[in-house]
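Trainee: I have the model open. Can we go through the ligand site and one buried residue?

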Amino acid sequence: MNQVNRMISGFFWIALFLAVVLLPVCLLLVAPTPSGRPFWLEFSLALGFFGMTQIAVQFVLIARFKSLTAPYGIDVILQLHRHLALVALAVILLHPLIILIDNPSRLKLLNPLSGNWASRFALVSVLCLLILAGTSLFREKLKLNYEYWRFSHLVFAVLAIVSAQLHVFLAGLYTNSWWKQAIWITATSAMLALVLHLRLIKPAWQRGRQPWHISEVRPERGETWTLVLEADRHAGMEFLPGQFAWLKLGGAFTLKEHPFSFSSSAGSRTRLEFGIKALGDFTSTIKDVEPGTAAYLDGPHGAFCIDRYPAVGYVFIAGGIGITPMLSFLRSMADRKDPRPILLFYADRNWEDLAFREELELLKNRLDLNLVFVLEEPPDDWQGEQGKINSEILERHLPEELIHRNFFVCGPAPMMNAVQDALLEFGVSKTSIHLERFNLA
Ligand SMILES: Cc1cc2nc3c(=O)[nH]c(=O)nc-3n(C[C@H](O)[C@H](O)[C@H](O)COP(=O)(O)OP(=O)(O)OC[C@H]3O[C@@H](n4cnc5c(N)ncnc54)[C@H](O)[C@@H]3O)c2cc1C
């Protein structure tokens, strides 16, 4: 998809989103409607419907539809999901608040014993939404295991939307005609069908149509392993250098699914590589994966791609395992015999842990590539850069003519922020700086 198509598609999705979230409020105005009720009460109902539709839209946002994520990048869509869900929650909370301010005697509805079924389902829905927000905002502080959190997120989201729908039906206002009821039932069923698609149909398709197996687990420097996947009798996966995929090992239906950048050349579709650093529960098990293990991929995803941003030359800045998308850039460019100049800054703790450094040196023979290694704990005889990547180090090596270069940065968050600030200070335009953060969750 070229830049113009991406823009058109971007505007299309924004327009569709606005139309969808405003549709229920418009439906409220179509007869038959209840009459003689105070404005604030009607307004609070409109907020409730508006908030609920926004929650329903979240199911679409997280469904990883490529046509939806391509114009923006999936990381932007997931950020949007986080912000919109919080806005929806705030809007939904205003709905009961206004009703209570209008008539404080309705406070008894908050008690499940004295309330009616409509208010009970409303309470369940709001409670689920509050749990969703709390466990997402404070997942790390609460030390919630990522997989458990993800599973509970799905369960509470489904409970929240189904309870909200039951509340709307039992309250009976604005669902007093068969066609309005049909619209609401169809919308809720569509959301539940999406969940089924994501959890059952898509994995079943991956198992039947796009299975992979592990052909090699290669140790690299710095507690890193290269996982090599080979396609089982299918055409493989076409991706752009810099993109990533969600990887499942063993079973297609497992909830254990982790995102990793392709580290291999985009020229090879049936033999893919991922460079994985042992940093946690799942990544520490990679070294023990047996060749022959079944693997499933959901991808390619992501907008961190040189092919999306043509330039006369590139500057890649990597910290630690952030080198993997850069490796895919370099391997792909070498395979394509790309003559454009590249400058790679690569920072890590020490020389021995610098994954893929031998291959990077070899790639200099096939590319117009300059390497700047930056070590935090350099050996005694080290002549190169040391410390953390900062504006002084960048300034010493960056070419004079920055304006026509594109910059790709991937590594620990503090490094990425420091590099971005420095580049902006040097006058690099924001649209020429591309960041890949390895913490989507
Ligand atoms: C776009 C992208 C590309 C990546 N590419 C690479 C790569 O090429 N090489 C590499 O080594 N690492 C890569 N990562 C990071 C890798 O996905 C995480 O290190 C890994 O998922 C952590 O899992 P764990 O169980 O080992 O760690 P844990 O210690 O269990 O988790 C550490 C943290 O990682 C995050 N995390 C855990 N599981 C998931 C999951 N399933 N999905 C998303 N986040 C999760 C959570 O924030 C969690 O708190 C990438 C991440 C992203 C988002």
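Mentor: Start with the ligand; keep in mind that this is a predicted model. A backbone N or O atom of Ser261 sits 3.0 Å from a nitrogen atom of the ligand.

Trainee: Which ligand atom lies 2.9 Å from a backbone N or O atom of Lys277?

Mentor: Polar contacts here are pairs of N or O atoms within 3.5 Å. The Lys277 partner, at 2.9 Å, is an oxygen atom of the ligand.

Trainee: How much of the ligand's accessible area does the protein cover?

Mentor: On its own, the ligand has 890 Å² of accessible area. Of that, the protein covers 86%.

Trainee: Which element gives the largest share of the shell around the ligand?

Mentor: Two elements give two or more residues to the shell: β5 (271–277) and β4 (258–261). The largest share is 4 residues, and it comes from β4.

Trainee: How many residues of the shell are charged?

Mentor: Split the shell by class. There are 10 nonpolar and 6 polar residues. The charged residues number 7.

Trainee: Now Arg150. Is Arg150 buried or exposed?

Mentor: Arg150 lies in helix α6 (residues 146–171). Its relative accessibility is 14%. The cut-off for buried is under 20%, so Arg150 counts as buried.

Trainee: Which residue offers a backbone oxygen to the side chain of Arg150?

Mentor: Look past sequence neighbours within four places. Arg150 is then in contact with Arg64, Arg199, Leu255 and Glu257. The side chain of Arg150 reaches a backbone oxygen at 3.3 Å, that of Leu255.

Key. Residues numbered from 1 in each chain as written. Predicted model: local features only at pLDDT ≥ 70, side-chain atom pairs only at ≥ 80, totals over all residues. Heavy atoms only, no water. Buried < 20%, exposed > 50% of the residue type's maximum accessible area, 1.4 Å probe, protein only. Polar contact = N/O pair within 3.5 Å; in protein donor to acceptor, adjacent residues only side chain to side chain. Contact = heavy atoms within 4.5 Å. Areas by Shrake-Rupley, 256 points an atom, 1.4 Å probe, with all protein chains shown as cover. Nonpolar A, V, L, I, M, F, W, Y, C, P; charged D, E, K, R; others polar.
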